[in-house]
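Please open the model in your viewer and follow the stops below in order, selecting each part as it is named.

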Amino acid sequence: MINRRRWIRRSSAATAVLALKPLTGLAALATTDAFETALNDLRAGRRLNQGRVDLYLPALAENGNSVGLTVSVATADTAPVTQLWLLSPRNPEAQIAHFRFGTHVVAEEIETRIRLSGTQEVLAVAELADGTLWTAAAEVIVSVSACIDGLL
């Protein structure tokens, strides 16, 4: 049987060992190549326009496992939103989310939660029915990172 003192000693020793282990895989998360590739793939040679998209993220997220965000798109009646992407330069996968909307769906605002592997700038890209791309970015400071479970 394990008592409380023995459990505290063992857990603190295990924590010290984990703290000393180098996080070599974190460098792989910060590759801008995967982010640039994902951005270029969705652009397909089209220009990214600033405006029409508002991305709301908290300035400080205490835990990267669940960060709430809202994306709103100001659309014209002739060109509703057809697709929306959320991209991250520091997550293991650059594309956080991809939403597709049917012709009868009028999406002007999306609320969701995402995982972030650290402090970074998140990018939202909206494609309108006329084929134009509109973008917005927001920076969030993450106190406790997510997405690093497999690296320890």
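## Strand E4 and its sheet

Begin by selecting strand E4, which is mostly covered, with 6 of its 7 residues buried. Keep in mind throughout that this is a predicted model.

Now add the partners of E4 to the selection: 3 strands form an open sheet in the order E2-E4-E7, with antiparallel pairing. Strand E2 (53-56) and strand E7 (109-114) stand at the edges with a single partner strand each, so one side of each is left without a neighbour in the sheet. From one strand to the next, the twist averages 20°.

To follow the pairing on one flank, select E2 together with E4 (residues 67-73), which pair in the antiparallel sense over 4 bridges. Here Val53 stands opposite Val73 in E4, and Tyr56 stands opposite Thr70 in E4. On the other pairing, E4 and E7 run antiparallel to each other over 6 bridges, and Val71 can be found opposite Ile110 in E7.

## Two serines

Next, select Ser72, which lies in strand E4. Is Ser72 buried or exposed? Its relative accessibility is 13%, and because the cut-off for buried is under 20%, Ser72 counts as buried. Leaving out residues up to four places away in sequence, Ser72 touches Arg52, Val53, Asp54, Tyr56, Glu108 and Glu109. If you draw a distance from Ser72 to Glu108, you should find the C-alpha atoms separated by 5.4 Å, although the two residues are 36 residues apart along the chain.

Then move to Ser66, in the loop between strand E3 (60-63) and E4. Ser66 has a relative accessible area of 39% and is partly exposed. Apart from its neighbours within four places in sequence, Ser66 is in contact with Arg113 and Ile114. A second distance worth drawing is that between the C-alpha atoms of Ser66 and Leu116, which are 7.8 Å apart in space and 50 residues apart in sequence.

## Helix H3

Select helix H3 (residues 32-43) and check its length: at 1.5 Å a residue its 12 residues should span 16 Å, and the end C-alpha atoms are 16 Å apart, which agrees. Which residues of H3 are buried? They are Phe35, Ala38, Leu39 and Leu42. Seen down the axis of H3, these buried residues fall within an arc of 95°, so they line one face of the helix. An α-helix has 3.6 residues a turn, so residues three or four places apart point the same way.

Show the surroundings of that face, and you will see the buried residues of H3 packing against strand E1 (48-50), strand E5 (81-87), strand E8 (120-128) and strand E9 (133-144). Turn to the other side of H3, where Asp33 and Asp41 are exposed. The residue that follows H3 is Ala44, whose phi is positive, near 50°.

## Confidence along the chain

Finally, colour the model by pLDDT, which averages 77 over the protein chain, with 70% of the residues scoring at least 70. Among the elements of the chain, E2 has the highest mean pLDDT (92), whereas helix H2 (residues 26-29) has the lowest (44). Select residues 12-30 as a last stop: the pLDDT is below 50 over this stretch, which has 14 contacts in the model beyond near neighbours in sequence. Where pLDDT is low, the predicted coordinates should not be read in detail.

Technical notes. Residues numbered from 1 in each chain as written. Predicted model: local features only at pLDDT ≥ 70, side-chain atom pairs only at ≥ 80, totals over all residues. Heavy atoms only, no water. Expected span 1.5 Å × (residues − 1). Buried < 20%, exposed > 50% of the residue type's maximum accessible area, 1.4 Å probe, protein only. Arc of directions from axis to C-beta. Contact = heavy atoms within 4.5 Å. Pairing = 2+ DSSP bridges. Axes fitted to C-alpha atoms, helices over the stretch in contact; angles between N-to-C directions. pLDDT = per-residue confidence, 0-100.
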